[in-house]
Amino acid sequence: MPAETAREFEIVIGLEIHAELATESKVFCGCATAFGAAPNTLVCPVCLGLPGSLPVVNRRAVEYAVKAGLALNCEIAPFSKFDRKNYFYPDLPKAYQISQYDLPLGRDGWVEFEAGDEIKRVGIARVHLEEEAGKSVHSGERLLGSEYSLIDYNRGGIPLIEIVTKPDLRSPLDARLFLEQLRAILHYIGVSDVKMEEGSLRCDANISLRPAGSDELGAKTEVKNLNSFRSLERALAYEAERQREMLLRGEPVGGDTRHWDETRGVTVAMRTKEEAHDYRYFPDPDLVPVVVDAAWVDRLRKELPELPRARRDRFVAQYGLPRYDAEVLTGSKELADFFEACAARYGKPKAVSNWIMGEFLRLLKAEGKEVKDVSLSPAAVAKLLELIDQGVLSGSAAKEVFEEMFRTGREPQDIVRERGLEQISDEQALLPVVDAVIEANPKAVETVRGGEMKAIGFLVGQVMKQTRGKANPKLVQNLLRQRLLEG
Ligand SMILES: [Zn+2]
C-alpha cells in the first residue's frame, strides 16, 4: 500500500479462532477423538444424532475450555449453558450444532503479543465451548465440480473452543503475530495440539477499513479458509488492498463472506453472511447448565503452567541466555522443559542451549520428530557435555555421539568406548602424525615459517583428518608451533 494512502485508512481486524480440545473422548459422548482413524469408526448414536440419544457433557472438555479462558485472562462465568445453533448441512446430522450463545464460559479477556519492540494487547470478547461438525470429503478438489461427496462423522462431536477477539488488530502482520502467540499459549497449557495443517486450529478473520483517526467501524468482510499463518497474513493484506481500492472508487464494501484461494492469492466471494437470528439459537433442553464454582476455577488456575512470554523472560534472567536463545527454547513447552532438565544437571546453560538449538533441533527436524518422541535423557546430555569439558571428546566426535544418543537413547560413555572416539590428547601418540603432515605439506610449512600464521589452520586440519577427528586440536596446534617455529 503506498504511503500516502496508508495514512488515509486504518485497517481493523478481529479474529475468530477455533481450536479442537485434546480430550481423549468427544464432548457429549464417549467416542474417541483420535485423528486419522478409518472413516465413521469413531461414532455412536449421540454424535450421529440418532433419535432418542441424549448428550452428557464431558467434564474434561469444560475444564480445558475454562483453562483456555483463564490463560487468556477472561472472566469465567459461574453459570453458563448450551444452546442449539440451527442450520442444515450434511456434516451436521442433528441439523443443529450444540454451542454457547449468550452465556459463554469465558469473556472479557486479553492477550499480549510482541511486534518488534512493541507490546500490543488484543481484547478477547469471548471463549465458548461447542462441538465439531463432521467432515465432508469431495471426490474432486472441492464441492463445485465433484461427482459425489462422502461424509466422515469421526470428527463430529470433538470438543471445540471458539475464541473471538475484539477488533483490536491493526495490520495483517499483527494478526499473524497475535495468532502465533495464541497458538503458543493453547499449546503450553495443553488443551489443544493446535495443528493448523490437521485443522485442529482454524482461523477466520473479519476485516474492515475506516478513515484514519475515526472511531467508528467500517463495514466488514469475513475471510475464511486461512489454514496457515502465512495464509492469514497474505489474505488480509490482499483484502485490505481490495477494500481500499473499492473505497477510493466510492464503491460499497463489506457484508460478504470470502474464501481465501491460496493458489491464486485472492479472496473470492462466498455467500452472504447469515445474521445471528437466522441460526434460531435456543437453549438445548437436553443439557443441564454448566456451573463452575470459584473453588473449581481456583484449582484450574493453579494447574496452569508458566506461559511462553513469562518463561522466555525468566530464561534470560535466570540462565543469562541471549533473548534469541530464550525465544527459540521456549518455542514449545516440551523443548523448554527439556532445556531446563539439562541445565539443572550441567552448570553452563549457554552450552546446553547451543547443543539444543543446534544439533538437537537439527535432528528433530531431519527426522520429523517431536521432543516427546526422543528417548535422549537430560542426564545423558549433561554427561556428554562433561566429556567435552574433560577433553575426552572433540567437538566433532561429540556431534557423532550426540546423534547416536538421539537415535538410541544410549549413554555417551558407552558410545565413545564402542566407537573408539576418545580424543587423542597424548603427545607421544600425536607427534608422529604431526611430523608426517609437516613432511607431506612443504608449501604450507614454508608459509607458516614465513610468518603467515593462518596457514597453520590448514595443517591442523590435515592432522585432524589423519586421526579421523580424534586428535585434540589445541594440542595439535601447540605441537605444530613447537615443530615449525621453535624447532
Ligand atoms: Zn459418539
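Is P159 buried or exposed? Let's start there. P159 is buried, with a relative accessible area of 0%. That value, like the others today, comes from a predicted model.

Where does P159 sit? In strand β10, which covers residues 159–165. Now look at its surroundings. Leave aside the neighbours within four places in sequence. P159 is then in contact with A19, E20, L21, T23, S25, K26, V27, T33, A61, L129 and E130. One more pair to find on the screen is P159 and A65. They are 94 residues apart in sequence. In space, their C-alpha atoms are 9.2 Å apart.

Next, the confidence. The chain averages a pLDDT of 92. Of the residues, 97% score at least 70. Be careful with residues 1–6, though. There, pLDDT stays under 50. For that stretch the model has eight contacts beyond four places in sequence.

Now the overall layout. The domain assignment gives domain 1 as 6–297, domain 2 as 306–419 and domain 3 as 427–486. How far apart are the C-alpha centres of domain 1 and domain 3? They lie 65 Å apart.

On to the metal. Which residues are the protein donors of the zinc ion? They are C29, C31, C44 and C47. Each gives its SG atom. The donors lie 2.3 to 2.4 Å from the zinc ion. Look at the spacing in sequence: C-x1-C-x12-C-x2-C. Two of these donors, C29 and C31, are buried.

What about the geometry? The angles among the four donor atoms are 100 to 115 degrees, and the site of the zinc ion is tetrahedral. For reference, the ideal angle for four tetrahedral donors is 109.5 degrees.

Let's move to helix α5, residues 294–303. Which of its residues are buried? W296, V297 and L300. Why do they sit on the same side of α5? Because they cover an arc of only 100 degrees around the axis. Now turn the helix around. The face turned away from the buried side carries the exposed residues A294, A295 and K302. And what covers the buried residues? The cover includes α2 (59–71), β2 (75–76) and β16 (290–291).

Stay with α2 for a moment, and find E63 there. At 10% relative accessibility, E63 counts as buried. Leaving aside neighbours within four places in sequence, E63 is in contact with W296, R299 and L300. Two of those names should ring a bell: W296 and L300 are buried residues of α5. Now compare E63 with V297. They are 234 residues apart in sequence. From C-alpha to C-alpha, they are 8.7 Å apart in space.

Next stop, helix α3, residues 172–188, where we find L179. L179 counts as buried, at 0% relative accessibility. Its contacts, again without neighbours up to four places away, are I17, M196, C203, F229 and L232. Now take L179 and K224, which are 45 residues apart along the chain. Their C-alpha atoms are separated by 15 Å.

Then helix α4, residues 229–248, with R242 in it. Is R242 buried or exposed? It is buried, with a relative accessible area of 16%. Why does 16% count as buried? Because buried means under 20% relative accessible area. Not counting residues up to four places away in sequence, R242 touches T221, D256, R258 and T267.

Last topic: backbone angles. Most residues other than glycine have a negative phi. Here are two residues to check against that. V194 is not a glycine, yet it has a positive phi of about 40 degrees. R280 is not a glycine either, and its phi is positive at about 45 degrees.

Where are they? V194 lies in the loop between α3 and β11 (201–211). R280 is in the loop between β14 (266–272) and β15 (282–283). Their surroundings contrast. V194 is buried, with a relative accessible area of 0%. R280 counts as exposed, at 54% relative accessibility.

To wrap up, keep three pictures. The zinc ion has a tetrahedral site. Helix α5 keeps W296, V297 and L300 on the same side. And P159, where we began, is buried.

Notes: Residues numbered from 1 in each chain as written. Predicted model: local features only at pLDDT ≥ 70, side-chain atom pairs only at ≥ 80, totals over all residues. Heavy atoms only, no water. Donors = N, O, S within 2.8 Å, 3.2 Å for Na, K, Ca; no water. Tetrahedral: all angles 85-135°; square planar, octahedral: opposite > 155°, others 65-115°. Buried < 20%, exposed > 50% of the residue type's maximum accessible area, 1.4 Å probe, protein only. Domains from an automatic or database assignment. pLDDT = per-residue confidence, 0-100. Contact = heavy atoms within 4.5 Å. Helix = DSSP H or I, 4+ residues; strand = E, 2+ residues; numbered from the N terminus. Arc of directions from axis to C-beta.
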